[in-house]
Amino acid sequence: METIVFSLLNGVIYGLLLFMLSSGLTLIFSMMGVLNFAHASFYMLGAYFAYTIMGVSSFWLALFIAPVLVGVIGMGVEKWGLRRVHANGHVAELLFTFGLAYLIDEIVKIIWGRTSVNYQVPDSLNFTLFTLYGADYPAYRIFMFFVAVAMLIFLWYMLKKTRIGLIIQAALTHPHMVGHLGHNVPLVFMGVFGAGCALAGLAGVIGGNYFITDPAMAVQMGPIVFVVVVVGGLGSLEGAFIAAMLIGILQTSAVSINASLADIFGFLGLSPASEVGEITISSMAPMLPFLLLVLILIVKPTGLMGDREV
Amino acid sequence: MHPPALKLVNVHKSFGPAKIIQGVNLEIARGERHAIIGPNGAGKSTLFNLVSGLYSLSDGEVQLNGAVISGKKPFQINRMGLSRSFQVSNIFANMTVRENVRCGVLYSMGYGYSFWRNIGNLKEVQEKTAHILEDVGLLDKANLPASLLPYADQRTLEIAITIAGGAEVIMLDEPTAGMSHSETDRAVELIEKAAKGKTLLIVEHDMGVVFGLADRISVLVYGEIIATGAPSEIRGDPRVREAYLGEEADHIEGEPA
Amino acid sequence: MTDMTTNSAALAPSSGEKFRERVLPFILFGLVLIVIPFFGPSRTTMTLLNHIGINIVFALSFNMLLGRAGLLTFGHAVYLGLGGYFCVHILNWIDAADGGFWGNLPVFSMPVFGFAMGALAGAVIGWPSCRRAGTAFAMISLGVAELMAAFAYMFDSLFGGEMGISGDRMAGPEFLGLSLGPLEEVYWFIAFWTFLGVVAMYMFTRTPLGKLSEATRDNPERVQFIGYNPTRVRYLVFIFAGAFAGMAGGMSAVQDEIFTPESLSLLPSGAILIAAYVGGIRYFSGPIMGAIVMTYMGSNLSDYTAGWLLYLGIMFICVVMFLPDGIAGIVFGFWRGIRSPDRGHLMGKWAQQLAGVFLLAIGIIVFVEVAFRWSEGYGEVWEPFGIALPHDAILTWIIGIIPFVAGVAVLRHVTRKQEEV
């Protein structure tokens, strides 16, 4: 019972973090047709910026400034990089962001070093919030939960109640029509790209000290986030949300299951001494998102909520 | 007695709540040249997309030479002998004109997904390609990249790809849209030549082209066919006049646009 | 009918043109391959050449997807890896066999088995992947690569864990008198299969399926209306691309005699993507040039500078932004340019661009090298040509910024003048 509750709680938090990343990715993709390969690199930048800002000031300042900084960098990338490549098609845009991910990784290594930095949970949040089944539950996780939910509400408000939100919504359903709306499209693109990157940066600020802040964090997170958006159905926010939750809970739960495949499929004659039999569910956890991807593709090639072929 | 080349039975299509095609019944005999006219937004292109398999029907049935084709994939329908063109040029932009037409020829000559033959050695493919290029008058531009062709030539290439597979039922979606007078005249000549001995279904805005080319005309308004008949009948039909108000009604009376 | 035949004859390139464009380059390529060993390359050079051969086949197989079929994949190394692993296992079977099929199998035939394994892997993995195209396909290839790499780390008996598995290329009977022991004999093995692979992949572009893959890249919607199923076209091309990657894996198994799970991961997949793109994906020869340049730089520059990956990233981004036709685009553009009547003017333009790129490169190199030494924190100072350039000296910043700004100014000037014309 306690394993289930903790797994669920941690899974939801991890899922929300994944959604914070994939929502930015989805927004950018729906608007501009670009899958930002460097998205996880912006997540990493968010964590590193927060670490540096925390060093000279406080975590609370970092929480606001780091995402803004990342967003500004994102806007610069759009204005001086992506826009130029746009004429050469989506593959060129994807490749541009692929190269950018390479570049950001290397620059991060130069500035902050090749090993992990000591980016920690602030003291004001570093306490036990409650005790459940005799286990302490850290307050920071609940804080992450609230930040993520606040972001969700903010996103929802922006999309439903503001003018720019209406344009983005139009883009979500009718991607080819945005150009005809008569809005300053380059400016909207730059804004959306910046906002998406800022969301990734925010995820980095609250995720970097929850996990580890090191130069490999982008490479580790990136593929999972891409799986989330494809499983959800490229360009669908609802789909991304469901997929993020699914993968978050699945992966977190799997880590806590120590059973081996032989324990589960023993009735089929799988021996615990065999190579397949001794694999534990927890050791398979990192593969689960990718297994899910392949399964979903076989059942529904367009993803959970996707209906348009992109 | 042959079954009709193309038969639409109670065809419906809605996108969400919007009913675009609401019960179209149409029979086109073998060898007939049939035109569909109607005001903008009447659903002419949707109808084309339904027949050619790009969209799936909400209700009803489409038959090609008596065989049901609704529900089949576009490439299956194409293999059964129906070929269509597009309103906007839909060509293989990075390939040469000759390669464009050659791609259209390949399947019908039985070369399918073949990967063991050198395309340059397929003599009958080369000859058929050259033949079609000569017919449509693109022989001198055969080795240009398709994207560099002038607009009217791209439209011609569009038709060339459509007829390359030798389909018996040809559907042309506004083949003369955006062309000048002289270009239109040449296009009509080409269509007449290409449709000889075949069944032709054409959507067209240029009434001069329609009344000059078609054996029969159907008028599509708000997803329904309000009249079908010979050009002379359509011209005098009061319902058609009502659908085409004002200026456009004059075009129906025979003045080319 | 007679005029028809003359027409079709006039349409197709003349036999002279055909020879110049489709046969001569391959004869020259073969000649180069034959002549190279007579220059007596060192062992290091020989190893490098062998790796170049492997990467040429690998890059071309990658380009069957990206350049020819419009399918961007981030996981192409999976097929090279699986083909290679299969071949290392066969090497061991040959070694262990006492007669029989494996005992009589020459190691020379490894790429055939790699080819078969790559095709099989392509057929299995391609089936779910090829149901999507475009961005989704690219992301799926990424997910599949992660999955395969994770699998490989999990099953030690097949993939040998972190250490991988190794074999012995000198096992089994000799073929054509090659024991495959000395590097020079391995060179002939690699040269033979590289040539075969290049010719086979060129011939593939000339088949109906090859042409249809280009048509599907340009316009998948229209392909459906000329009787083809675009999904089927992509799937078949995917199997072939996997097969040729597997063939490169077989070549690599003989050259390096070892495969590790890392060979299936995203890193080698990304590297071949960069090599093919920098070479120029719109030309058949582009990936060949890219494989040569990138393999050479990868093995040499990484010795010179810790910033090699950063340079690679900058170079790749510059190619994507400013030179979408890559190295091949430059080579063929230059070739066309010096034969055009406008060559004097063009030469001037190129000279200016070259100067601009050179200045820009100086600026970037100064920044990167100084930054790397500062970052390592050992207090080491970069001293090109005996000039010490510490990160806090004004001289360093001057030497960095002035060429950088000048380079950008020159390049912008050239672009602007070009637009005015």
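## Exercises on a predicted model

In this predicted model, strand E1 (residues 6-15) of chain B runs antiparallel to E2(B), and 8 bridges join the two. Let's work from there.

**Exercise 1.** Find the bridge partner of B:Ser14 in E2(B), then work out which strands stand at the edges of the sheet.

*Solution.* Start with the pair: B:Ser14 is bridged to B:Lys19 of E2(B). Next, write down the strand order, which is E2-E1-E4-E5 in chain B, an open sheet of 4 strands with antiparallel pairing. Now look at the ends of that order: strand E2 (18-28) and strand E5 (67-68) of chain B each have a single partner strand, so one side of each lacks a neighbour in the sheet. Finally, add the helix: H1 (residues 44-52) of chain B lies across E1, E2 and strand E4 (59-64), at about 65° to E2(B).

**Exercise 2.** Check whether the length of helix H3 (residues 59-85) of chain A agrees or disagrees with its expected span.

*Solution.* Take the 27 residues at 1.5 Å a residue, which should span 39 Å. Then compare: the end C-alpha atoms are 37 Å apart, which agrees. Along the way you will meet a kink of about 40°, centred on A:Glu78. A:Glu78 is also one of the buried residues of H3(A), as are A:Phe59 and A:Leu69. Their cover includes helices H2 (39-56), H4 (90-112) and H7 (185-208) of chain A, together with helix H15 (308-322) of chain C.

**Exercise 3.** Describe the side of chain B that touches chain C.

*Solution.* Count first: 39 residues of chain B contact 28 residues of chain C. Then sort the chain B side into 18 nonpolar, 13 polar and 8 charged residues.

How values were computed. Residues are numbered from 1 along each chain as its sequence is written. Chains are lettered from A and ligands numbered from 1 in the order in which they are written. This is a predicted model: local features need pLDDT of at least 70, side-chain atom pairs count only at pLDDT 80 or more; totals for chains, interfaces and linings use all residues. Two residues are in contact if their C-beta atoms, placed from the backbone, lie within 7 Å. Ala, Val, Leu, Ile, Met, Phe, Trp, Tyr, Cys and Pro count as nonpolar, Asp, Glu, Lys and Arg as charged, and the others, Gly among them, as polar. The expected span of a helix is 1.5 Å times one less than its number of residues. The bend at a residue is the angle between axes fitted to the seven residues ending there and the seven starting there. A residue is buried if 20 or more other C-beta atoms lie within 10 Å of its own, exposed if 12 or fewer, and partly exposed in between; C-beta atoms are placed from the backbone. Two strands pair if DSSP finds at least two bridges between them. Axes are lines fitted to C-alpha atoms, for helices over the stretch in contact, and angles run from 0 to 180 degrees between N-to-C directions.
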